[in-house]
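Have the model open in your viewer and follow along. We'll go from the overall layout to a few side chains that repay a closer look.

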Amino acid sequence: MALASLRSCGGRAVLARVAMIASVGMGVAAGAPAYADDLPHEHVTLLDRSHTVAEAEAGIIALPTAPISPASRGGSTPLGAVGNGDATIQTGIHILYRATRDWAIGAGAIFAPRPTSDPNCAKCGGASGLARSHSRSYLFLGGEGRYYPFRTRWVEGWVGVTGGTIVVADRFTTTSAPMVPSLLGTNQVTVSSTGFAVGGQAGVDYLISDSFVVGLALRADWWLLPDESRLVSSCDAINDCPTLHGSVAAFELGVTMGYRIPL
């Protein structure tokens with residue numbers, strides 16, 4: 001009887017020790033994840049893998065040496081007149097493929113949806129002497145490359161190059177033409193010239209989130225258009241001709257908004 005009681009007491013002591021060891025082990029195991037969560041770790045962003053960027057742009061374009069006419073200089077922008085040449089608002093879209101954090105390549109289109117106009121163009125009557133107005137619009141189609149030498153968690157700075165085709169369209173409108181059915185013709189004619197455009201660009205982007213980004217972009221372009229003698233074939237029947245030829249400098253400033261699409 002006494003021996004059975006002793007064995008019962010010894011068994012209880014062993015069980016108590018086992019329970020204490022198990023509780024200590026569970027406490028250590030429970031404390032380990034909490035300690036791991038407190039450790040700092042790097043935030044993995046979309047920039048750490050390849051992705052594409054769809055980017056929309058709005059801004060102004062200025063041609064400091066190419067006014068619409070001698071009487072109309074500085075153009076028309078939300079900021080007012082810019083320089084002594086032509087200036088107008090521009091819009092565009094860019095599609096970029098960013099394979100690494102440092103480099104991106106892509107293509108884009110930039111155009112002027114609301115060209116400036118000279119309503120009393122004294123030299124726009126061609127050979128007819130008609131009272132006419134003149135406006136000029138621009139379209140760029142080409143490729144680009146960007147390099148990102150500066151990065152923080154939220155801000156990136158980049159530089160790059162552009163190259164492609166530039167199309168310049170001169171639109172002449174006869175302001176004193178009588179109203180006739182469109183079947184008989186219109187009072188407007190457009191002549192155009194096409195050339196090459198190359199340039200440099202730089203910008204800064206702010207990452208709102210991993211997907212959305214806004215920024216500023218500045219470009220300086222060199223347009224190489226046909227010589228005046230080669231544009232004779234582009235003139236119309238009353239000698240309305242393209243007004244830009246040879247080498248032309250263009251500057252662009254735009255606000256961009258992009259959306260990153262993971263691959």
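Helices and strands here are DSSP runs, with at least four residues for a helix and at least two for a strand, numbered from the N terminus. On that basis the protein chain has one helix and nine strands. Reading from the N terminus, the order is α-β-β-β-β-β-β-β-β-β. Keep in mind that this is a predicted model.

The chain has 263 residues, and 35% of them are buried. Among contacts with a separation of 6 or more, 68% are between residues 24 or more positions apart.

**The nonpolar core**

Let's start inside. The largest nonpolar core has 15 residues, and the members that touch the most others are Leu63, Tyr138, Ile166, Val168, Trp223, Leu244 and Val248. Strand 1 (51-63), strand 5 (132-151), strand 6 (155-174) and strand 9 (247-262) each give two or more residues to this core.

Val168 is a handy place to look around from. Setting aside residues up to four places away in sequence, its contacts include Tyr138, Trp223 and Leu244, which are also on the list of core members with the most partners. Val168 touches some polar residues as well, including Ser137, Ser192 and Ser193, and it meets Arg136 too.

**Arg136, buried without a salt bridge**

That brings us to Arg136, which sits in strand 5. What is the nearest side chain of opposite charge to this buried residue, and how far away is it? It is Asp86, at 4.1 Å, and Arg136 has no salt bridge. A salt bridge needs the nitrogen and the carboxyl oxygen within 4 Å, so a pair at a greater distance is not counted.

Arg136 does have polar partners, though. A polar atom of its side chain lies 2.6 Å from the backbone oxygen of Ala66, and its side chain also makes a 2.9 Å polar contact with the side chain of Thr243. Beyond its neighbours within four places in sequence, Arg136 is in contact with residues including Pro67, Ile68, Pro115, Thr116, Asp170 and Leu244.

**Salt bridges across the sequence**

The whole structure contains eight salt bridges. Here are three of them:

| Pair | N to O distance | Separation in sequence |
|---|---|---|
| Glu55 and Arg146 | 3.0 Å | 91 residues |
| Arg219 and Glu57 | 2.8 Å | 162 residues |
| Arg98 and Glu156 | 2.8 Å | 58 residues |

Take Glu55 and Arg146, whose side chains meet in a salt bridge. This pair links distant parts of the chain, with Glu55 in strand 1 and Arg146 in strand 5. Both residues are buried. They also belong to a network of salt bridges that links Glu55, Glu144 and Arg146.

Next come the side chains of Arg219 and Glu57, joined by their own salt bridge. Arg219 is in strand 8 (residues 212-224) and Glu57 is in strand 1, so this pair ties together parts of the chain that are 162 residues apart in sequence. Arg219 counts as buried because its relative accessibility is 3%, and Glu57 is buried with a relative accessible area of 5%.

In the last pair, a salt bridge connects the side chains of Arg98 and Glu156. Arg98 belongs to strand 2 (residues 86-98) and Glu156 to strand 6. Are these two buried or exposed? Arg98 is buried, at 1% relative accessible area, and Glu156 is buried too, at 0% relative accessibility.

**Thr162 in strand 6**

Strand 6 also holds Thr162, which counts as buried because its relative accessibility is 12%. Its side chain makes a polar contact of 3.5 Å with the side chain of Asp221. Thr162 is 19 residues from Gly143 in sequence, and their C-alpha atoms are 5.9 Å apart. Leaving out residues up to four places away, Thr162 touches residues including Phe140, Glu144, Ala197, Val198 and Gln201. The Glu144 in that set is the one in the salt-bridge network with Glu55 and Arg146.

**The disulfide**

One more stop: the structure holds one disulfide. Which cysteines does it join? Cys235 and Cys241 are the partners, with an S to S distance of 1.9 Å. The torsion about their S-S bond is about 115°, so the disulfide is right-handed. Cys241 is partly exposed, with a relative accessible area of 23%.

Technical notes
Residues numbered from 1 in each chain as written. Predicted model: local features only at pLDDT ≥ 70, side-chain atom pairs only at ≥ 80, totals over all residues. Heavy atoms only, no water. Core = buried A, V, L, I, M, F, W, Y, C linked by side-chain atoms within 4.5 Å. Buried < 20%, exposed > 50% of the residue type's maximum accessible area, 1.4 Å probe, protein only. Contact = heavy atoms within 4.5 Å. Polar contact = N/O pair within 3.5 Å; in protein donor to acceptor, adjacent residues only side chain to side chain. Lys, Arg positive; Asp, Glu negative; His and termini not counted. Disulfide = S-S within 2.5 Å.
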